[in-house]
Amino acid sequence: MTRLPTALAACSRWVVTHAHLVLAIYLVLTPLAAWIAVTGFEINSNTERLIRQHGEWRELQDQFEAKFPGYTNLTFVVVSGQSIQHVNDTAHELEAALRARDEYFAEVYAPANDPVLDRHALLYLSPDRLDAVISNLADAQPVLAAVDETPTLGGLLGVLTDSLERAADGEIADPASPGFSTMLELLRGYAGEVNAGRSDPISLRDRFIDSGDTTYNIIFVRGRLSYGDNLPNAHILSNIDAAVAATDIPPGVQVRISGKTPLEHGDIASAMDSAQLAGTVACLFLVVVLVFGVRSLRIILAVYLTMLVGLTFTAAVATFTVGEFNTISIIFLVMFIGLGVDFAIHLCLRYQEDLASQQQVEALVHSNTDIGPALMLCGISSAMGFVAFVPTDYVGLAEMGIISGVGMIIATIVSLTLIPAFLAVCKPPAPVGSILPNTNIALGLQRASRAILVTTLLVSLGAAFFARDVYFDFSNLALRDPDSEAMRTFVELQDEKVITEYAMQFLVADPDEAIALKAKLKGLPTVKDVLVPGDYLPQDQEEKLFLLDDARFLLGSLVEREAVAYEPSSRDDQKAAIAAFERAARHYREAGLDADTSADLEALVNALGAADSNDRTGALESGLVTGILSELDWLSRALTAGELTLDNLPAATRARLQAPSGEFLVTILPAADMSDPQEIRAFTNNVKALLPEATGRGAVELGMGGVVVDAFIKATLLACTGIFLVLLIALRSAIDAVAVFVPLALTALLTFATSVVIGLPLNMANVVVIPLIFGLGVDNGIHVVKRFRDSEGFDGLLASSTPRALLLSTLTTLGTFGALSLSSHQGIYSIGVLLTCALSFQLVLTLIVLPVLLDTIHRRPG
Amino acid sequence: MFQRLHCGKAAAFVALCSVSFGFQALANEGLATVEQLHTTLISSMQPGQDFTARCDQLEPVITEIFDVQTIARVSLGRHWRGLDADGQARVAQALTRLLVSTFAARFDKFNNHRFETLGEETMSGNRRMVKTLLVTPSETVSLDYMLTQRDDTWRIYDIVAQGVSDLSLKRSAYSDAFASGGIDEVLELIHHATPAAP
């Protein structure tokens, strides 16, 4: 170790005396590094690839995915709205637009649009709803039959005119049945909308089948993955967006994108945005801290320059070593802004301090030589905190470890060369002393040392009490931006029980076995429902087929009608039909018949009159007639549907229920809210206890969570051991090494407690914080111990530039990590919050508790 | 509109259709049932017969040629299957009385009534449609009879007058009534609609 300062001094002197050459080298190398970093930049967001997966849970999932490829790597295109007709029309148009781009998609699966399921749609209603729908059809029968017979406005109004006239003449009983009122109201409503500008056809289905709930029609798109591309999902999503843009979406219909593919893609976008935002905020914060803390433009420039050059080199080396960033390692680029300047700040402030007693060149060489070993030690120990993940199965953090570890070494080298070179060509800044010139503080701290130590002990006990409840949220969803469209849609689908990604799957040899298993599984407390292939068929089909038979009796020949084309009638015919209806309505009113209908009748007469005077009768006729004709076409198919069996299900649907090798799929649905990781665990374990071979997203996430927790423990132990060894070697004092370690252990404890108190559990991203506490926190400890020794005690330490450097460097780091907590990306956000808290604790502990501890230890023997 | 239809080119269309119907219907079995109804109605309107006498004359024929079970079943929809045998019988009985009384009240006095048969059409599910016109000096009304075969006899289950299905009207009214007040409300509604002797 004694040779190091000599070598360092020689190097430093060379750098200072050849400052222009050194700067020139940087001037050439930095743009080159920038070019490498920018052209080679890649980011991968596949969270599963971030973890090296092995174990039974992975094999089971792989087997399942091989047999049922239709369930993996999906994008859901969710069409929803109140109007069944509008939702289905939009979904059909969208499906066609997607299929037109099928070179990008392995499969476009639109189950609700399939003609077979469309034909059997009525069978999927509950018997009660189906019965109600048939009553509604009975209400509409006169109008349906009239339009089928004469597809014009005259034909439609004629049947009503005729009923009113005949009722007024006393030839038939008053037609004011519920059905008649319903039709008047329906026509009045549509005529009013046409007068207000509506141009799409009337939808009887909305009126007759609507249950008041939101209708969802989901198209499942599987992209054709091209692994050669940087962002394999980008062109899948951009083509889906293009298909959506090409689709005419009526008001009241929403088209949203969700599913694994967009969630992962959004994850990258969100991580990049977050990194950019945090980076910008961190840079601004840095200016503020430096302006207030350093008050020298030259030094601020030196610090900034060092940071930028170091960042560029780190990014360039990352593309060489790891090849790509992931959504976690990307944030090291932000962290570097805060960490990279630390070394520069220590160096610059020492230089400023040394200038008080030395010439510029001597001061530069001296500060470099004096502080260099500490900086190198800090660089190594910080790197260890990061590199600790390298030997684990958590590839994502291992990659970050490599990038960051290299980054810390780069930061050290750049600081020790670029800063002296840069400052050597500048005029020396005015020298300054400590920000804590008053040694009374030292005395105060010394006097209060017992109180400080006791308080620390008590706080630690309190923290330990809370820290016992710290837990790990293994869910991938915990990392996503909860406000992104994909995530909000995903949560809505899960809440509405339309789709859950956390179902578990199990394969059985035959349908009977599935049914037996269903009974057994439904007894489990965590299981809400079990879907066997038969459950995808309508239930109670026999009864419903009887009900459909009723409808065939009611609608008579309409069921077997031949398709009729709409041809507009003349404007005169339309006028005449309206006039005849008005006369009949007047006649009916004059006869003093049912008063209940009169308001609707009056309103319909007025709406028709308005359509006539506004020249909207053409639009009214076409909307009414085409709407009713298309409904009749569907009814002829739907009312003659026979029993739906597994054999006559569409092939694409069948492939989702039965594997090519013959096994049938049993899907097990969770009872509890799967946004709670404890519930996922309970559900998965509950099902696995009965069916060890069941698989599903929960099982995979639990498996991956296990890998992460293992990696976390392994990395923390490695970081601690490595750093302790480095401390032992560097400080050559077991007791000082322990003294440096105590604040770090306490910081970790307080951070766990904070996680529990603020309800921010550990997750796949923020587990990196704990090894980092040791890696980054040890720097300040080393500086304090070194300075404590150099200045021979407490007073000298506090009077030196070290506390200011510590404060400033920790503040810049805090600012950077604080900026991370502005992220929309939940993983990055949680790292930001926990690291900010951790560093704050660590700052207080290192600046106050560590000196007191050192003072207490070293005074007693003396 | 039906008036216009029957006077003009539509009448020719209907006649044309009835030719093709002829090919489809192997035997005009449904027609026989409808003509039996028409003959009975015309004969019930002979002078000197009061409402009660007309009812007595119509009842056995209507009981024979109308499928009251189907009318009751389709009218009540899902509720029908929930009724016990007694309830079903009461509804069927009330509906028979409604049919008989309605015919007796409507066809009360012979005024040169004339029924014209336009043709017969087969439909799926062993059903047939017989299209007719009722012509009186004051108007022409289209009457389409819907028939189904039970016990080798074709029986009427619906009459579509001027495009309005009587069975649909019943379904609209009775299924709502049953939902709100059960079988009693349905029987009450039928009773209310049944014309009584003047």
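Tutor: Chain A averages a pLDDT of 86, and 94% of its residues score at least 70. That score belongs here because the model is predicted, and pLDDT is the predictor's confidence in each residue, from 0 to 100.

Student: Which elements of chain A have the lowest and the highest mean pLDDT?

Tutor: The lowest mean is 67, in helix H16 (residues 439–447) of chain A, and the highest is 93, in helix H2 (residues 19–39) of chain A. Where pLDDT is low, the predicted coordinates should not be read in detail.

Student: Let's turn to the aromatic rings. How many aromatic pairs does a search of the whole structure find?

Tutor: The search gives 16 aromatic pairs over all chains.

Student: Phe332(A) and Phe336(A) form an aromatic pair; what makes it edge-to-face?

Tutor: The ring centres are 5.9 Å apart and the planes meet at 70 degrees. Rings pair if their centres lie within 6.5 Å, and an angle over 60 degrees counts as edge-to-face, so both conditions are met. Phe332(A) and Phe336(A) lie four residues apart in helix H13 of chain A, about one turn of the helix. Both Phe332(A) and Phe336(A) are buried.

Student: What is the geometry of the aromatic pair of Phe553(A) and Tyr157(B)?

Tutor: Their centres are 4.6 Å apart, with 80 degrees between the planes. The distance is within 6.5 Å and the angle is over 60 degrees, so this pair is edge-to-face as well.

Student: And why is this pair said to join two chains?

Tutor: Because Phe553(A) sits in helix H20 (residues 541–555) of chain A, whereas Tyr157(B) sits in strand E4 (residues 153–161) of chain B.

Student: Are Phe553(A) and Tyr157(B) buried or exposed, and how do you know?

Tutor: Buried means under 20% relative accessible area. Phe553(A) has 5%, so it is buried. Tyr157(B) has 1%, so it also counts as buried.

Student: Which charged residue lies over the face of Phe553(A)?

Tutor: Arg127(B) does, at 5.2 Å from the ring centre. The cut-off for that distance is 6 Å, so Arg127(B) falls within it. In chain A, the charged end of Arg656(A) sits over the ring of Tyr109(A), 3.6 Å from its centre.

Student: Which residues form one aromatic cluster in chain B?

Tutor: Phe66(B), Phe103(B), Phe107(B) and Phe115(B) form that cluster.

Student: On to the empty spaces. How many cavities of 30 Å³ or more does the structure hold?

Tutor: There are five of them. The largest contains about 90 Å³ of space, and the second largest has a volume of about 50 Å³.

Student: Which helices each supply at least two residues of the lining of the largest cavity?

Tutor: They are H13 (330–354), H28 (769–790), H30 (802–820) and H31 (826–859) of chain A. Among the lining residues are Leu339(A), Phe343(A), Met408(A), Asp779(A) and Thr810(A). By class, the lining has five nonpolar, five polar and two charged residues.

Student: What makes the lining of the second largest cavity read as it does by class?

Tutor: The count is six nonpolar, three polar and no charged residues. That lining includes Thr747(A), Gly777(A) and Gln842(A), and these three count as polar because they belong to neither the nonpolar nor the charged list. H28 and H31 of chain A each supply at least two residues there.

Student: Now some single residues. Why is Asp615(A) called exposed?

Tutor: Its relative accessibility is 52%, and exposed means over 50%, so Asp615(A) qualifies. Asp615(A) is in the loop between helix H22 (595–613) and helix H23 (617–638) of chain A.

Student: And how is Met376(A) classed by its relative accessibility?

Tutor: Met376(A) has 26%, which lies between 20% and 50%, so it counts as partly exposed. Met376(A) is in helix H14 (residues 360–387) of chain A.

Student: What is noted about phi of Asp540(A)?

Tutor: Phi of Asp540(A) is near 50 degrees, a positive value in a residue other than glycine. Asp540(A) lies in the loop between strand E9 (527–531) and H20 of chain A, and at 48% relative accessible area it is partly exposed. In chain B, Asn126(B) has a positive phi of about 55 degrees although it is not a glycine. Asn126(B) lies in the loop between strand E1 (114–123) and strand E2 (127–135) of chain B. With a relative accessible area of 40%, Asn126(B) is partly exposed.

How values were computed:
Residues are numbered from 1 along each chain as its sequence is written. Chains are lettered from A and ligands numbered from 1 in the order in which they are written. This is a predicted model: local features need pLDDT of at least 70, side-chain atom pairs count only at pLDDT 80 or more; totals for chains, interfaces and linings use all residues. Side-chain values use heavy atoms; hydrogens and water are left out. On a 1 Å grid over the protein atoms alone, a cavity is a set of points where a 1.4 Å probe fits but cannot get out, and a pocket is an open set with protein on both sides within 12 Å along at least five of seven lines; lining residues have an atom within 4 Å of a point. Grid points are joined across faces, edges and corners, and a volume is the space filled by probe spheres set on the points. Rings of Phe, Tyr and Trp (its six-membered ring) pair if their centres lie within 6.5 Å; planes under 30 degrees apart count as stacked, over 60 as edge-to-face and the rest as tilted. Buried means under 20% relative accessible area, exposed over 50%, partly exposed in between (1.4 Å probe, protein chains only). A charge sits over a ring if NZ of Lys or CZ of Arg is within 6 Å of the ring centre and within 35 degrees of the ring normal.
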